[in-house]
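Here are my notes on the model, set out as numbered points. Please read them with the structure open beside the text.

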Amino acid sequence: MARIQKRGLDYFPVNSDFIHDRSVRRLMKREGDIALAVLIEAFSYLYGGEGYYVRADRLFCEDISFGLFDTDVEDVERIIRSAVECGLFDSRLFEEHGVLTSADIQRQYLLCVRKRTAVRIEPAYCLLSEDELPGRKEEKTRETGAETEESAALMPQNVTLIAQSKEKKSKEKAPSLSPPEGAKEEERDDGEERVGKGKKPEAKGGKEWTAERVEALQPPRDGRARNLSGLLENLRAYKVPPAEQYAIVRKSDYGAIGHEVWKGIARLRSCGGKIKLPGRYLLSVVNGGEVP
């Protein structure tokens, strides 16, 4: 008899700094310590059921309240809504469809089921870009291969003469290697912008980094534990400029768990405002400086 493949997960990972996440702290400050128990229960139903979302209806809240001491269904409903307001779940999908999910939850789910043969996220609930969905990279590879074969089939016989002609023109029009006076410093080949005294890192194409561009950054899908959303929230809270945010994100490997940047953030929280330039301080930490 064939085994029916489970949709959800047998277990779900929790970041080591989960309890220190600003959104979790805000929720516990608003609703008390019981909010943490409700949140863990909700994650258990979410990851153990569909794997990346759960329908937060009355029955769902009743099931959670039955397992908690001195907590009724109205308390659970209020805490769940507060969690949505604090940014732990996507507010649009909660209001329109009554489901609890988020982009980070969906990324975690896809990471955990990457070895499964058939994985699908409901389009109505999907918060990820097409490039993040399973099978998209293979599809792009096939499309690129087909285009290459088609181009090769249509290649003219005098391709050598065309290449020689282009090479000759490029040599005639070769630009000077010395940059014009006053020209801006170009990016390095690896795409990592220079952040020096009096200089701001620029995005590719010469555009300065904005809060929206930083928010759109995505960590590499290499299986390493990260908390990019928590890192960005801390950087915004300390009013770090977007250009410095980008440099800190890149240098910390997109908020890798265990990186020195988290010690630097802990130092900012405990210094009582003595560090006047949080962004510059965190840059020195991620560049190898010791945390005092």
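**Notes on packing**

1. Leaving aside neighbours within four places in sequence, phenylalanine 60 is in contact (heavy atoms within 4.5 Å) with Ala42, Tyr45, Val54, Arg55, Ile80 and Leu100. This is a predicted model, in which local features need pLDDT of at least 70 and side-chain atom pairs count only at pLDDT 80 or more, whereas totals for chains, interfaces and linings use all residues. Residues are numbered from 1 along each chain as its sequence is written, and side-chain values use heavy atoms, with hydrogens and water left out.

2. Phe60 also appears, with Leu39, Ile80, Phe89 and Leu100, among the residues with the most contacts inside the largest nonpolar core, which has 41 residues. Such a core is a set of buried Ala, Val, Leu, Ile, Met, Phe, Trp, Tyr and Cys residues joined through side-chain atoms within 4.5 Å, where buried means under 20% relative accessible area, exposed over 50% and partly exposed in between (1.4 Å probe, protein chains only). Two or more residues each are given to this core by helices H1 (22–31), H2 (34–48), H3 (58–66), H4 (73–85), H5 (91–97) and H6 (103–112), and by strand S2 (99–100); helices (H or I, at least four residues) and strands (E, at least two) are DSSP runs, numbered from the N terminus. The largest share, seven residues, comes from H2. Apart from this core lies another, of 22 residues, among them Tyr254, Val261, Tyr281 and Val285.

3. The count of aromatic pairs comes to ten, where rings of Phe, Tyr and Trp (its six-membered ring) pair if their centres lie within 6.5 Å, and planes under 30 degrees apart count as stacked, over 60 as edge-to-face and the rest as tilted. One edge-to-face pair joins Phe18 and Phe43, at 6.3 Å centre to centre and 70° between the planes. Because Phe18 lies in the segment before H1 and Phe43 in helix H2, the pair ties together parts that are 25 residues apart in sequence. Phe18 counts as buried at 17% relative accessibility, and Phe43 is buried at 11%. Ring pairs link Phe12, Phe18, Phe43, Tyr47 and Phe89 into a cluster.

4. H1 packs with helix H10 (residues 228–237) at an angle of about 75°, their axes 9 Å apart; axes are lines fitted to C-alpha atoms, for helices over the stretch in contact, and angles run from 0 to 180 degrees between N-to-C directions. The contact is made by Arg22, Ser23 and Arg26 of H1 and by Glu233, Asn234 and Ala237 of H10.

5. Overall, the protein has 13 helices and two strands, and 34% of its 292 residues count as buried.
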